[in-house]
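Work through the exercises below with the sequence and the model at hand. Each task is followed by a worked solution.

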Amino acid sequence: MSFGNSSRDQYNQPRCDVQIRWMIRRDMPEVLEIERKSFEFSWTEEDFLCCLRQRNCIGMVAERQERIAGFMIYELLKSQLHVLNFAVAPWARRQNVGTQMIEKLVNKLSQQRRQEICLEVRETNLAAQLFFRKQGLQAHNVLRGHYEDTEEDAYVMRYQLYPSDEVILPFVPRNRIADVEPDNDSDAEAA
Ligand SMILES: CC(C)(COP(=O)(O)OP(=O)(O)OC[C@H]1O[C@@H](n2cnc3c(N)ncnc32)[C@H](O)[C@@H]1OP(=O)(O)O)[C@@H](O)C(=O)NCCC(=O)NCCS
């Protein structure tokens, strides 16, 4: 996943309720359009299909008035839900659609099985970092050079149903990464 632009001024509409359901093949054109508008390095249709063919991968869409307003792809790991892709259509942003999709995921967590949601966010994607932080996810560690398409790092963000006492990274915007990782000042300066 990579950086997606959103503009509150451009798409300033009232908050809305959406229906969240399984993604089906017929959704793919709209999902691909959202993907292309959201990410510089976007998944292809084959990437989606390949992912969704895996038995443990789930695709869901948020639907509003018969339009796809957002989607998420996640995989079921032993004790986690791992979000692989997540985006809201530009026209539907800042109207709580993403929040409702995260709520759906949180409702799937349980004491007996998966107690955690985790995902990777690009270091440049401040909007998504702020969004996920608002949803209660916290930055836990940094994956250096995580992506094949750029030299960006990824922040691993996690939501825990039962938060532990383990140390977490303070949330910092990209230009303050050096405060967290003093050994990599040059990268942070260049960012
Ligand atoms: C990040 C994204 C999913 C947020 O979806 P959304 O439906 O617009 O989010 P919500 O309306 O539920 O926002 C809830 C809160 O998150 C925060 N937030 C959301 N977008 C934000 C932004 N662009 N800048 C700052 N804060 C933001 C705000 O606190 C917001 O509450 P507010 O609108 O009352 O201020 C959406 O902008 C998107 O699809 N971006 C491109 C794709 C992407 O980056 N995906 C994540 C990859 S890891």
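**Exercise 1.** Determine what share of the 191 residues in the protein is buried.

Solution. The model is a predicted one. Count a residue as buried if 20 or more other C-beta atoms lie within 10 Å of its own. By that count, buried residues make up 27% of the 191 residues.

**Exercise 2.** List the helices and strands of the protein in order from the N terminus.

Solution. Start with the totals: there are 6 helices and 7 strands. Then read along the chain from the N terminus, which gives β-α-α-β-β-β-α-β-α-β-β-α-α.

**Exercise 3.** In what order do the 7 strands lie in the sheet, and is the sheet open or closed?

Solution. Following the pairing across the sheet gives β1-β2-β3-β4-β5-β7-β6. The sheet is open, with mixed pairing. Its edge strands are β1 (19-22) and β6 (138-143), each of which pairs on one side only. From one strand to the next, the twist averages 30°.

**Exercise 4.** Describe how strand β2 is joined to strand β3.

Solution. Take residues 57-64 for β2 and residues 67-76 for β3. The two strands run antiparallel and are joined by 8 bridges. Within this pair, G59 stands opposite I73 in β3.

**Exercise 5.** Which strands does helix α3 lie across, and at what angle to β3 does the helix run?

Solution. Locate α3 at residues 97-108. This helix lies across β1, β2, β3, β4 (80-88), β5 (116-122) and β7 (154-160). Relative to β3, α3 runs at about 30°.

**Exercise 6.** Among contacts with a separation of 6 or more, find the share from residues 24 or more positions apart.

Solution. Count two residues as in contact if their C-beta atoms lie within 7 Å. Residues 24 or more positions apart then account for 61% of the contacts with a separation of 6 or more.

Methods: Residues are numbered from 1 along each chain as its sequence is written. This is a predicted model: local features need pLDDT of at least 70, side-chain atom pairs count only at pLDDT 80 or more; totals for chains, interfaces and linings use all residues. Two strands pair if DSSP finds at least two bridges between them. Helices (H or I, at least four residues) and strands (E, at least two) are DSSP runs, numbered from the N terminus. Axes are lines fitted to C-alpha atoms, for helices over the stretch in contact, and angles run from 0 to 180 degrees between N-to-C directions. A residue is buried if 20 or more other C-beta atoms lie within 10 Å of its own, exposed if 12 or fewer, and partly exposed in between; C-beta atoms are placed from the backbone.
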